[in-house]
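Work through the exercises below with the sequence and the model open beside you. Each task is followed by a solution that goes step by step.

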Amino acid sequence: MKVDVVLGLQWGDEGKGKVVDVLTPHYNIIARFQGGPNAGHSLKFNGKNYVLHTIPSGIFRPGTLNLIGNGVVLDPVIFRNEVKELEASGEDLTGKLQISKKAHLILPTHRILDAASEHAKGKTKIGSTLKGIGPTYMDKTGRNGLRVGDILSPAFMERYNALKEKHEGIIKQYNFEYDITEYEKQWFEGIEYLKRFEIIESEYTLNDFLKKGNGILAEGAQGVMLDVDFGTYPFVTSSNTISAGVCTGLGIAPSRIGNVYGIFKAYCTRVGSGPFPTELFDETGKQLGSIGKEFGATTGRARRCGWLDMVALKYAVMINGVTHLIMMKADVLNSFETIKVAVKYKVNGVETDQFPYECCENIEPIYKEFKGWNCDINSLRDYNSFPKELKEYIEFIEQETGVPVKIISVGPDREETIIR
C-alpha cells in the first residue's frame, strides 16, 4: 500500500477539510503531517458547520483512525478546547485519535515570543496568527523543544521551566509586556488532558499499517505557496507544506508516497501579508470575497482575493508531483460575465511563465479571459450537466497543468461534490 497525500496548492484556505472528509471512506487512517493550530479546516454536513485546527479531518467518519504526526506542533489548550467542542456535539473521540510522541509542544511563552517578534517588525510583519507556531519550530530546529512524549517523563517540569526561563530572557530584549499566568494554568490542564489519548511511536504505527495493507491519507495544512522553502519567502509558514513534508512529518519513505491530491480554488485568496500577483483591489475583488465568504476559519481575518494564478499553480503542481487536481468553490464564480486567469507574468518588462525567486510588486500578471457560465451550478451532481463555459475553464486548467481535475466542488456541503 501507499500513502496518498492531500494538500493545498495556493496560499491556504483551499478547502482541504471538506476534501479529506469526502475521501476518508477510502482510507483506514488519516494523518496530519505538519503545521499547527493556525490551520482551520472547515467541514459542513447534516446542517452543521465544523472547524478543525489540530485534529485530522477524518474524525467524523466511523471506523477511521486519526493521527497527529510528529511534524505537527500542538498547543494543549487549543487541543483540549477542540476535543471538548467535538464531544459536546456528540462525537466520541475515544479510540479514534492518536498523537505522536515526537510532535512538539507550543508553550505559553512561545505565543508571547511570536507576538513580541511580530510587534517589533512593524510594517514588515509577516501576518503571523500569533499562536506561537514559528517560535516552536525554531526551538525544534534549535534542538531546544519540548515534545509530547516528554509529558510522560519525571523530568518534564524541569525541562519546561528551563525552556520557559530561556524564553523569558529573550522576551526581555523586546521590552514587551505580558502575563501568561492564566494561560499557563490552562496549558497544564491541557497537558493532563493530553494523557487521555494514546501517545505513540507514530512512525512504527504507520509503517505497520502499510505492511498490513491499510490505506493512509496524509493531510497537510496551509498551502504550497506558504512552504518555508518554496513559498513566497519570508511571508511563509514555518514548516514544509509540500508533499515531501509527509516523509519527515510522518516517518514515511519517499517510495511509499502514492497519489498526490492537489486542491485549489477556482480563483485565489491569501490571508495576511506577502506577495499576491493576481490580487484585485476593485469591486470584483470585493465581490469574490463577499460571495465566497472569504474570512479565515481560525483568525476571522478577511482574505485578499484575486483571479486564478496559473503560473503559481503550475509551479505547485511541479514541486509536489500532483497526480489529481481538485477544484473548490467553482460556484463562487456563478455570476461573473468574464473570468480571468493569469497565464504569464511580466517582471521588469520581461514575460515569463516561471514563478520568480523574488515575488515582488514589479510583477504584472498577463491574463487570458474566459466567458463566465453565469448560472447557478450548486444543484448539479455530474460533470455532463455542467455548462459548456465551466467545462472549458476546467479543461483549460487540465491542459496547462497536464493533470486531470478529478473533483469539483459546487458548494460547501459534503454532498455538493462532483467526482469525475
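On a 1 Å grid over the protein atoms alone, a pocket is an open set of points with protein on both sides within 12 Å along at least five of seven lines, a cavity is a set of points where a 1.4 Å probe fits but cannot get out, and lining residues have an atom within 4 Å of a point. Grid points are joined across faces, edges and corners, and a volume is the space filled by probe spheres set on the points. The model is predicted, so that local features need pLDDT of at least 70 and side-chain atom pairs count only at pLDDT 80 or more, while totals for chains, interfaces and linings use all residues. Residues are numbered from 1 along each chain as its sequence is written, and side-chain values use heavy atoms, with hydrogens and water left out.

**Exercise 1. Describe the second largest pocket and its lining.**

Begin with the volume, which for the second largest pocket is about 300 Å³. Next, find the 13 residues that line this pocket, of which Gly231, Tyr233, Tyr357, Glu358 and Cys359 are the closest to its centre. Then sort the lining by class, where Ala, Val, Leu, Ile, Met, Phe, Trp, Tyr, Cys and Pro count as nonpolar, Asp, Glu, Lys and Arg as charged, and the others, Gly among them, as polar; the result is 9 nonpolar, 2 polar and 2 charged residues. Finally, look at the backbone at Tyr233, which is joined to Pro234 by a cis peptide bond with omega of about 5°. Pro234 itself is placed in the loop between strand E10 (216-219) and helix H8 (245-250), where helices (H or I, at least four residues) and strands (E, at least two) are DSSP runs numbered from the N terminus.

**Exercise 2. Find which residues line the largest cavity.**

A search of the whole structure gives 1 cavity of 30 Å³ or more, and the volume of the largest cavity is about 30 Å³. Its lining consists of Leu9, Gln10, Trp11, Met225, Cys268, Leu308, Asp309, Ala312 and Leu313. Strand E14 (308-309) and helix H10 (310-320) each contribute at least two residues to that lining, which by class has 7 nonpolar, 1 polar and 1 charged residues.

**Exercise 3. Explain why Cys268 is not bonded to Cys305.**

Start from the criterion, by which a disulfide is a pair of cysteine sulfur atoms within 2.5 Å. The closest cysteine sulfur to that of Cys268 belongs to Cys305 and is 9.8 Å away, which is too far for a bond. The count by this rule is therefore 0 disulfides. As for accessibility, buried means under 20% relative accessible area, exposed over 50%, and partly exposed in between (1.4 Å probe, protein chains only). Cys268 is buried at 1%, and Cys305 is buried at 4%.

**Exercise 4. Where do Lys293 and Asn374 lie, and how accessible are they?**

As background, most residues other than glycine have a negative phi. Lys293, although not a glycine, has a positive phi of about 50°; Lys293 lies in the loop between helix H9 (283-291) and strand E13 (304-306) and is exposed, with a relative accessible area of 64%. Asn374, also not a glycine, has a positive phi of about 50°. The loop that holds Asn374 runs between strand E18 (363-371) and helix H11 (388-401), and Asn374 is partly exposed, with a relative accessible area of 40%.
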